[in-house]
Protein chains: 2
Amino acid sequence: MPVGLGPLPVLHPVRGFRLGIASAGIKRAGRKDVVVMQAAPGSVIAGVFTRNAFCAAPVTLCRQRLAHAPQYLLVNTGNANAGTGKPGMQAALRTCEALAELTGVQAEQVLPFSTGVIGEILPADKIIAVLPQALADLDENHWAVAAEGIMTTDTLPKGCSRQVSIGGAQVTVTGISKGAGMIRPNMATMLGYVATDAKIAQPLLQQMLRTAADLSFNRITIDGDTSTNDSCMLIATGQADMLEITEHDSAEYRQLAEAVNTVMLELAQAIVRDGEGATKFVTIRVNGGATQGECLDVAYAVAHSPLIKTALFASDPNWGRILAAVGYAGVENLDVEKIDVYLDDVCITRHGGRAEEYTEEQGARVMAQAEISIRIELNRGRVSETLWTTDLSHEYVRINAEYRT
Amino acid sequence: MPVGLGPLPVLHPVRGFRLGIASAGIKRAGRKDVVVMQAAPGSVIAGVFTRNAFCAAPVTLCRQRLAHAPQYLLVNTGNANAGTGKPGMQAALRTCEALAELTGVQAEQVLPFSTGVIGEILPADKIIAVLPQALADLDENHWAVAAEGIMTTDTLPKGCSRQVSIGGAQVTVTGISKGAGMIRPNMATMLGYVATDAKIAQPLLQQMLRTAADLSFNRITIDGDTSTNDSCMLIATGQADMLEITEHDSAEYRQLAEAVNTVMLELAQAIVRDGEGATKFVTIRVNGGATQGECLDVAYAVAHSPLIKTALFASDPNWGRILAAVGYAGVENLDVEKIDVYLDDVCITRHGGRAEEYTEEQGARVMAQAEISIRIELNRGRVSETLWTTDLSHEYVRINAEYRT
């Protein structure tokens, strides 16, 4: 059961950005498994991709093509086209070429995305056969159906939309996302697509996306596994009635960045809320670090500890496990006597030991909540970092153990 | 159910090393929870300890006292005396002083070890009260009962013994161990005690222990959590009829080292075999790395991936998850097309993709075994590393979620 995730909110259309879906029967007949997105000519596109050395063929193509004024995004579920070598690359190329031919663009202007089973060649013919259907379906109002079309084992579609006023013009930022990293069985993937009608130079859009991803998609973790296919795209169609944003330190840049950050954070958190077997939504905040790196090391050590994750599942305020994870995070010259730890507003550890006023009941009250924050005060500097994660439940083991059986 | 772990083998006595147990009722009345070990005067002692910054009070004391010709080791289960601040340190000091008084040694010559619940002050009085009982029980033949006396949630006692001929003298190496790192609920701890009657200079003994630990206790992992109390001790009583080993490059050093390595590896592997909820014993071998560091990064990425661990539990030859873990291990400039992966003797991945001749049946046959090896050939250098680990089962989640309820 997703934690605090409801039906899709209203997803405002973005002028100049259309979405269409089709059913190619890649894994199951009748399932909507192909999504085509079209960015009107004049759009600019930014992307960030998995750091996994074993990246899938479509990721390799996306990286190469980002500079070639892409106009179409072609997404399929049911097959990740990863670990498939040259035949996999050929299959990806063929689907792009087919879409290019149908639409009159260059093949380099089509970006492919695949998610699903690894190690099987992409059934290019099945996808190519339904491209006309997907193109006929293109519509600015199809965000919600596209959010469903990119789902794999997600239990709910994920979307978010904001409208802001920038320089007197109304600007829309709308996005959808799916399946958290490798928490999904068999390497299903984290995908995010966010579009805006704002007018902005491509290098600035790329910078905005990188910052937003570092505050959202790069700050969530369920099990520490990084997929071969993770991709997050930010598209700006430029059709809003505004001057182009060309300066990083302008008020307009900041206004747009704030909306993009908000949308991407909500999309990323939705992935955690719908995490495999998740029963808790956990915010891990590390304050007072000397460097960003050490704050992240501590936060990830806590987020990835199976002992802490099972304690969260059991609603057990086992502060010893949290201290131990901080202790082995590898922070240089860590003075454990300076460390305070809070569960929400309850101080459980002060100066590296159990807080005197702390009672097990206070901890149990916080742990019983579906949404919990763990705050670690290192008291050795001024840097902070925040991650979001889930617990480790019986259901996680069941899903991942039984997926292919 | 432990994987491939039977009853204790014969544990040969070590001349000059005696063990005695007692029941202090620390956590449960009647349970054997205190073990005293005595090394005869003239013995030398080496130790390696947890790298967790939150190390427990007894670990701090052991580190300080290693140079003070220790003669007694005092172990308690049921309470880790970790995260207990100054009162915890006082309690540890008091138990050592009491044992020193009873035996006529300096308090600095007593090394304390604690394992069990974290965050509660050690009940020093209960321990002190039974020290006479433990001392009266001291006997060279009490290895097996001591192996049971240091157990926490281990399901079986762990011990190993070897006898070798060094320079014409028969030399014995015998050891016991308990509870793997933080796989055990609530920070129970990995403890290992190995004694030999060999005659060897202390700096050489320390060097021998460090090497042996790096090949054994430092190469096992169940869940990546490092306890606050992990300790491994190597004691040499010098009572064998031999000349003292004083040279690192001597044949005698190598002969003794080989026996010590064997005993420690078996003790470490026993901990994995008895890992929490373990249904598989998994050897992860990384060959052809450029550096030891990158081999370990790859091996740990595979060993800690919850997706691989659940696939192991399910006996699912999910090679995509293995490739993905290798891909995100952070190896610089990794050429994925050079990578081969084997399950036992079955090549599942060649040149970074599914091996052509590989069939799912071959993989399933290996995965159905209780003991599995995963071999990763990086083909970029000449360094190798090996780790041992377990799967991630329903039972692991149950044990760790329900421990304190």
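**Exercise 1. By what turn and what shift along the axis can chain A be laid on chain B?**

Before you start: this is a predicted model, where local features need pLDDT of at least 70 and side-chain atom pairs count only at pLDDT 80 or more, while totals for chains, interfaces and linings use all residues. Residues are numbered from 1 along each chain as its sequence is written, chains are lettered from A and ligands numbered from 1 in the order in which they are written, and side-chain values use heavy atoms, with hydrogens and water left out.

*Solution.*
- Superpose the copies by least squares on the C-alpha atoms of residues with pLDDT (the predictor's confidence in each residue, from 0 to 100) of at least 70 in both.
- A turn of 180° with a shift of 0.0 Å along the axis lays chain A on chain B, at an RMSD of 0.0 Å.
- That's how a two-fold axis relates things.
- Now look for His394(A): in chain A, its C-alpha is the one nearest the axis, at 3.0 Å.

**Exercise 2. Work out how many residues each chain gives to the contact, and what area is buried.**

*Solution.*
- Count contacts (heavy atoms within 4.5 Å): chain A gives 51 residues and chain B gives 50.
- Compare the two sides: 98% of chain A's interface residues are also interface residues in chain B, so the copies meet through the same surface.
- Take the buried area (accessible area, 1.4 Å probe, that two parts lose on being put together, summed over both): about 4000 Å², with 63% from carbon and sulfur atoms.

**Exercise 3. Find the number of salt bridges between chain A and chain B.**

*Solution.*
- Look for a side-chain nitrogen of Lys or Arg within 4 Å of a carboxyl oxygen of Asp or Glu. The count is zero.

**Exercise 4. Check how confident the predictor is about chain A.**

*Solution.*
- Chain A has a mean pLDDT of 91, and 96% of its residues reach 70 or more.
- Watch residues 183-188 of chain A, though: their pLDDT is below 50.
- Where pLDDT is low, don't read the predicted coordinates in detail.
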